[in-house]
Amino acid sequence: MSAGRVVIYGGKGALGSACVDHFKANNYWVGSIDLTENEKADVSIVVPRDAAWAEQEETVVSKVGESLAGEKLDAVICVAGGWAGGNAKKDLAKNADLMWKQSVWTSAISAAVAAQHLKAGGVLALTGAKPALEGTPGMIGYGMAKAAVHQLTRSLGAEKSGLPAGSLAVSILPVTLDTPMNRKWMPDADFGTWTPLTEVAGLFLKWTQDQERPKTGSLLQLITKNGITQLIAAE
């Protein structure tokens, strides 16, 4: 018997892979949704890269339904995303469009999956960003997309959002995650201020098991100092 069922949107990225591994290690059935397959997941749904937003939603929601065969999910966790810099002077629409696809499309599709397939009292976790609580002049497209995820989270945490009764809708707002890619691009940074991937995966597991849950609709900043991570709710 599995401990429960979760799907990870972005299940092949650095954080997504860590989440798949962590839930598998704790005896969960895990589905991965991404542009490429995660062979460690029980089911791997590959999103058609060039499909329109509505088409991606339809594909993902129906494929999750098929793989569940009538069962419900304990959690839908969206850790898909990406980063692009840039201000209004060059390629604003191009960068904003890419960020929208990577963060907003995936978060909205995750919400649709949760509305259809999450059990009552289940968890929908999305990924915002602490910098997007304020202006982001050096990464405007990124800031716009993450601010939209924050708004979506607040909406999903309110009455009549379409999520099952008693659901927890929450966003994590990391500053910098300790990924191989970030270490490659920022080799001189203070890694003690970076949040370990296992720490984030552990949070998701706790909430899925109904432990130390925050208030629904919360935006939770992940602040790491000297290797210790605190959760601070954004106002």
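Me: In which helix does serine 107 lie?
Reply: The model is a predicted one, and within it the position of serine 107 can be read from the helix assignment. That assignment places serine 107 in helix α3.

Me: Is serine 107 buried or exposed?
Reply: The relative accessibility of serine 107 is 1%, and a residue counts as buried when this value is under 20%. Among residues beyond its neighbours within four places in sequence, serine 107 is in contact with Cys78, Leu126, Val149 and Leu152. Because its relative accessibility is 1%, serine 107 counts as buried.

Me: How does tryptophan 100 count in terms of relative accessibility?
Reply: Tryptophan 100 has its place in helix α3, which covers residues 92-117, and together with Trp53, Leu92 and Met144 it makes a nonpolar surface patch of about 340 Å². The class called partly exposed lies between the limits of 20% and 50%. At 31% relative accessibility, tryptophan 100 therefore counts as partly exposed.

Me: Which element gives the most residues to the largest nonpolar core?
Reply: The largest nonpolar core has 28 residues, of which Ile8, Phe23, Ile77, Phe204 and Trp207 touch the most other members. Elements giving two or more residues to this core include β1 (4-9), α1 (14-25) and α6 (197-208). The element that gives the most, with seven residues, is α6.

Me: Leaving aside its neighbours within four places in sequence, which residues is phenylalanine 23 in contact with?
Reply: Phenylalanine 23 is one of the residues that touch the most other members of the largest nonpolar core. With neighbours within four places in sequence left aside, its contacts are Val6, Ile8, Tyr28, Val30, Ile77, Ala201, Phe204, Leu205 and Thr208.

Key: Residues are numbered from 1 along each chain as its sequence is written. This is a predicted model: local features need pLDDT of at least 70, side-chain atom pairs count only at pLDDT 80 or more; totals for chains, interfaces and linings use all residues. Side-chain values use heavy atoms; hydrogens and water are left out. A nonpolar core is a set of buried Ala, Val, Leu, Ile, Met, Phe, Trp, Tyr and Cys residues joined through side-chain atoms within 4.5 Å. Buried means under 20% relative accessible area, exposed over 50%, partly exposed in between (1.4 Å probe, protein chains only). Helices (H or I, at least four residues) and strands (E, at least two) are DSSP runs, numbered from the N terminus. Contact means heavy atoms within 4.5 Å. Patches are made of residues with over 30% relative accessible area and no salt bridge: like charges are joined within 9 Å, nonpolar side chains (Val, Leu, Ile, Met, Phe, Trp, Tyr) within 5 Å. Accessible areas come from the Shrake-Rupley method with a 1.4 Å probe; for residues, only the protein chains shown count as cover. A salt bridge is a side-chain nitrogen of Lys or Arg within 4 Å of a carboxyl oxygen of Asp or Glu.
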